[in-house]
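Student: I would like a close look at a single part of this model, with the reasoning spelled out. Please begin from one residue and then follow the surroundings outwards.

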Amino acid sequence: MTIAFAGAEKAARIDSSRLDAFIAANDFDRPTLVLDVDRVETQYAALKVGLGHADIHYAVKANPAREIIARLVQLGSHFDAASRGEIEICLSQGARPETISFGNTIKRPADIEWAYNAGITLFAADADEELVKIAEFAPGASVYIRLIVEVSQADWPLTRKFGCDKDTALRLLDVAKSLGLNPVGFSFHVGSQTRKAEMWAPSLDALAETWHAAKAAGHDLTMLNIGGGFPAFYGEAIQAPTDYAAAVIAMVHEKFGPVQTIMAEPGRGMVAEAGAIVSEVLLVSRKSDRDVHRWVYLSIGRFSGLAETEGEAIRYQFETPRDADPMGPCIMAGPSCDSADVLYEKRPMPLPLTLKAGDRVIIRNTGAYTSTYSSVCFNGFPPLQVVCI
């Protein structure tokens, strides 16, 4: 099946025939994420063309499946790791230490030391104490300072928790030098699911001020990490990956000027559309005869892989064998006993009026941030099963 929208290029690149054929040919006794690794390769190639000389550091947290990491190693990708565990996965699949950055700004001293001894020499920080830890346990390492992004048009902004403001960032460059570290540049993240390249402009304008101020202060910055934000399709039109990446890089060059090394950290934009979750309907009900909407309970919920329905920020696409029947709005929920396990209620989801328990439900474009968000065994339900083809 090829889903057509947003132009022929978009339609061509999300051909899901391999996924559909595999899903149709198999039975699944529990919710299962099926990943087409070839589609990850296609997406990587498309982003690489658009990003040009920028190094792709795949955000491992999006989906750390070893088959994905191994394929990306073969393609020459670099990696952004958030933990020792993610670094270990990358190294186990053949990634070289110099291609891995430890991008989490909140790290255990023991993990910094372990990573340094494993050959990792590039670390992120956004606070004095983090730099002190890095200096002690990874002496002489290269560091980049994460900037806070206060202006974001992303569906899932990443403000507040990560990064520091302009004045703090400039001071931290001096602190890093005084500790014997090598401050090479800045990083930032415009926010997950930034659907259009033009949405980067306000953030880049603000961040470029800090870059130029640091250069004016005498800091020889050589690296800029533009983070993620590269989108996937969840119902609203997005640019094709090559065009999107090329537009972003053009703005970076325009606003920051010459930069020796540019890093990009696509995660969702690399793997989301390579996956589909197979689930089933467990129950369709109404709370009373006065209920306007049905409640549809699935075998998967917020605690078993669909955490990004928090705030209804990510609107997944659902497919059932009854989609030719009349449709009606419904509230969707997961199977757990937690009352927070509701997926869509503020904006009810249209599903077939004939839908009933036992019907298979395929959730499209779920290759990112599903298996990694799945709980270990909440309510006794097993973690999301993953199958790579």
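In which strand does threonine 32 lie?

Tutor: The model is a predicted one, and what follows should be read with that in mind. Threonine 32 lies in strand β1, which covers residues 32-35. Its relative accessible area is 0%, and because buried means under 20%, threonine 32 counts as buried. The side chain of threonine 32 has polar partners: it reaches the backbone oxygen of arginine 30 at 2.9 Å, and it makes a polar contact with the side chain of glutamine 385 at 3.1 Å. If neighbours within four places in sequence are left aside, the residues in contact with threonine 32 are Ala276, Ile277, Val278, Leu384, Gln385 and Val387, so that Gln385 appears both among these contacts and as the side-chain polar partner.

Strand β10 spans residues 275-285, and following that strand leads on to β15. Strands β10 and β15 pair in the antiparallel sense over 5 bridges, with arginine 360 of β15 as the bridge partner of glutamate 280. Strand β15 also pairs with β12 (residues 317-319), again in the antiparallel sense, over 3 bridges, and here isoleucine 363 of β15 is the bridge partner of phenylalanine 318. Strand β15 itself, residues 360-364, is mostly covered, with 4 of its 5 residues buried.

From β15 one can turn to the charged pairs, of which the count comes to 19 salt bridges. One of them joins arginine 364 to aspartate 20, where the closest N and O atoms are 2.6 Å apart. This pair links distant parts of the chain, since arginine 364 sits in strand β15 and aspartate 20 in helix α2 (residues 17-25), 344 residues apart. Both arginine 364 and aspartate 20 are buried.

A second buried pair is formed by glutamate 308 and arginine 268, whose side chains meet in a salt bridge at 2.7 Å, N to O. Glutamate 308 lies in the loop between β11 (294-298) and β12, whereas arginine 268 belongs to helix α11 (residues 268-271), and therefore the salt bridge ties together parts that are 40 residues apart in sequence. Glutamate 308 has 2% relative accessibility and counts as buried; arginine 268, at 3%, also counts as buried. Elsewhere, salt bridges that share partners join Arg18, Asp36, Asp38, Glu41 and Arg71 into one network.

The pair of glutamate 236 and arginine 195 has its closest N and O atoms 3.7 Å apart. Glutamate 236 is in the loop between β8 (223-225) and α10 (241-256), and arginine 195 is in the loop between β7 (182-187) and α9 (201-216), 41 residues apart. In this case the two partners fall into separate classes: glutamate 236 is partly exposed, with a relative accessible area of 43%, while arginine 195, at 15% relative accessibility, counts as buried.

That loop leads to helix α9, whose 16 residues should span 22 Å at 1.5 Å a residue, and the end C-alpha atoms are indeed 22 Å apart, which agrees. Its buried residues are Ser203, Leu204, Leu207, Ala208, Thr210, Trp211, Ala213 and Ala214, and what covers them includes α8 (166-178), β7, β8 and α10. Just after α9, glycine 218 takes a positive phi of about 100 degrees.

How values were computed. Residues are numbered from 1 along each chain as its sequence is written. This is a predicted model: local features need pLDDT of at least 70, side-chain atom pairs count only at pLDDT 80 or more; totals for chains, interfaces and linings use all residues. Side-chain values use heavy atoms; hydrogens and water are left out. Buried means under 20% relative accessible area, exposed over 50%, partly exposed in between (1.4 Å probe, protein chains only). Helices (H or I, at least four residues) and strands (E, at least two) are DSSP runs, numbered from the N terminus. Two strands pair if DSSP finds at least two bridges between them. A salt bridge is a side-chain nitrogen of Lys or Arg within 4 Å of a carboxyl oxygen of Asp or Glu. A polar contact is a pair of N or O atoms within 3.5 Å; within protein, one must be able to donate a hydrogen and the other to accept it, and residues adjacent in sequence count only if both atoms are side-chain atoms. Contact means heavy atoms within 4.5 Å. The expected span of a helix is 1.5 Å times one less than its number of residues.
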